[in-house]
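Q: I'm new to this one and would like some help reading it. Could we go through it feature by feature?

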Amino acid sequence: MQTTIPRSGQPRAIAGMIADNRAADLVSAFSGEASAKISFGLGLINAGAERVFKLPSANTDKFAGISAWDLAHQPDTGAYDLVSGSGGGVLPKGGFELCREGRIWVVVDPGLTIVPYADRGYLRCTANGVGTAAGQFSNAADGSNTIDLTKLVQFVSAAITAADGVTKIALVEVEAAVKP
């Protein structure tokens, strides 16, 4: 009979994973990207149609929520794949859930040092540096390359390596559903 659960080698989280069982505002959504995949744990904007979202491209874009992973998004099921260093995610017009409020693991800029419960979030709208991409989160403004989300996103963990062994993620609390 097993009496312990070994922690070594077990991943803590994956990008886009809802962190706990507290209430989260999740809405069904579709990818509005023309050709790019939307990885899980990225910040998104409205693509101009109801429940259709895409990656941000300008610092004037309005944040809508974070792409959430769920059990429907298992590897090798066609339109979906786990987020990985190879760029998996939801294909154009594919369905997923958007987290508008709650605690969720997000993709962060590589090398980011976070002070939990003190640092607020910024959403990257353009790549600016090695390993950065639109939709990633940071705890510092980067001129016109980021969208200020300091009233909507707070980091609640340090950055860790996700279960894929590549992606840097951190836990955030998001409140996009209740604030403009």
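**Reading the model together**

A: Sure. Start with the aromatic residues: both Phe63 and Phe137 are buried. Keep in mind that this is a predicted model.

Q: How many aromatic pairs does the structure hold?

A: The structure holds 1 aromatic pair. Phe63 and Phe137 form it, edge-to-face, with 6.4 Å centre to centre and 90 degrees between the planes. The planes count as edge-to-face because the cut-off for that label is over 60 degrees.

Q: Which parts of the chain does that pair link?

A: Distant ones: Phe63 sits in strand β4 (residues 63-68) and Phe137 in strand β7 (residues 137-138), 74 residues apart.

Q: What about the overall make-up: how many helices and strands are there?

A: There are 0 helices and 10 strands. Along the sequence, the pattern reads β-β-β-β-β-β-β-β-β-β. Take the contacts between residues at least 6 apart in sequence: 64% of them join residues at least 24 apart.

Q: What share of the residues is buried?

A: Of the 180 residues in the protein, 43% are buried. As for the outside, the accessible surface comes to about 8900 Å², and carbon and sulfur atoms account for 53% of that.

Q: How do I read a nonpolar core, and which residues have the most contacts inside the largest one?

A: The general idea is that in soluble globular proteins, nonpolar side chains tend to be buried together. Here, the largest nonpolar core has 22 residues, and those with the most contacts inside it are Leu44, Phe53, Phe96, Leu98, Trp105 and Ile169. The elements giving two or more residues to this core are β5 (95-107) and β10 (168-175). The largest share, 4 residues, comes from β5. There's also a second, separate core of 21 residues, with Ala68, Val108, Ile114 and Val174 among them.

Q: Let's zoom in on one residue. Is Ser31 buried or exposed?

A: Ser31 is buried, because its relative accessible area is 4% and the cut-off for buried is under 20%. You'll find Ser31 in strand β1 (residues 25-31). Leaving out residues up to four places away in sequence, Ser31 touches Ile38, Val52, Phe53, Val90, Leu91, Pro92, Lys93, Gly94 and Phe96. A polar atom of the Ser31 side chain also lies 3.2 Å from the backbone nitrogen of Glu33.

Q: Lys93 is on that list of residues touched by Ser31. Where is Lys93 placed, and is Lys93 buried or exposed?

A: Lys93 is in the loop between β4 and β5. Lys93 counts as exposed because its relative accessible area is 73%, and the cut-off for exposed is over 50%.

Q: What should I look for in phi?

A: Look at the sign: most residues other than glycine have a negative phi. Lys93 has a positive value, near 70 degrees. Arg51 has a positive phi as well, near 60 degrees. Arg51 lies in the loop between β2 (43-46) and β3 (52-54), and counts as partly exposed at 36% relative accessibility.

Q: One last thing: how far apart in space are Asp164 and Ile14?

A: They're 7.4 Å apart, C-alpha to C-alpha, with their positions 150 residues apart in sequence counted as the separation. Asp164 is in the loop between β9 (160-161) and β10. At 27% relative accessibility, Asp164 is partly exposed.

Technical notes:
Residues numbered from 1 in each chain as written. Predicted model: local features only at pLDDT ≥ 70, side-chain atom pairs only at ≥ 80, totals over all residues. Heavy atoms only, no water. Phe/Tyr/Trp six-rings, centres within 6.5 Å; stacked < 30°, edge-to-face > 60°. Buried < 20%, exposed > 50% of the residue type's maximum accessible area, 1.4 Å probe, protein only. Polar contact = N/O pair within 3.5 Å; in protein donor to acceptor, adjacent residues only side chain to side chain. Contact = heavy atoms within 4.5 Å. Core = buried A, V, L, I, M, F, W, Y, C linked by side-chain atoms within 4.5 Å. Areas by Shrake-Rupley, 256 points an atom, 1.4 Å probe, with all protein chains shown as cover.
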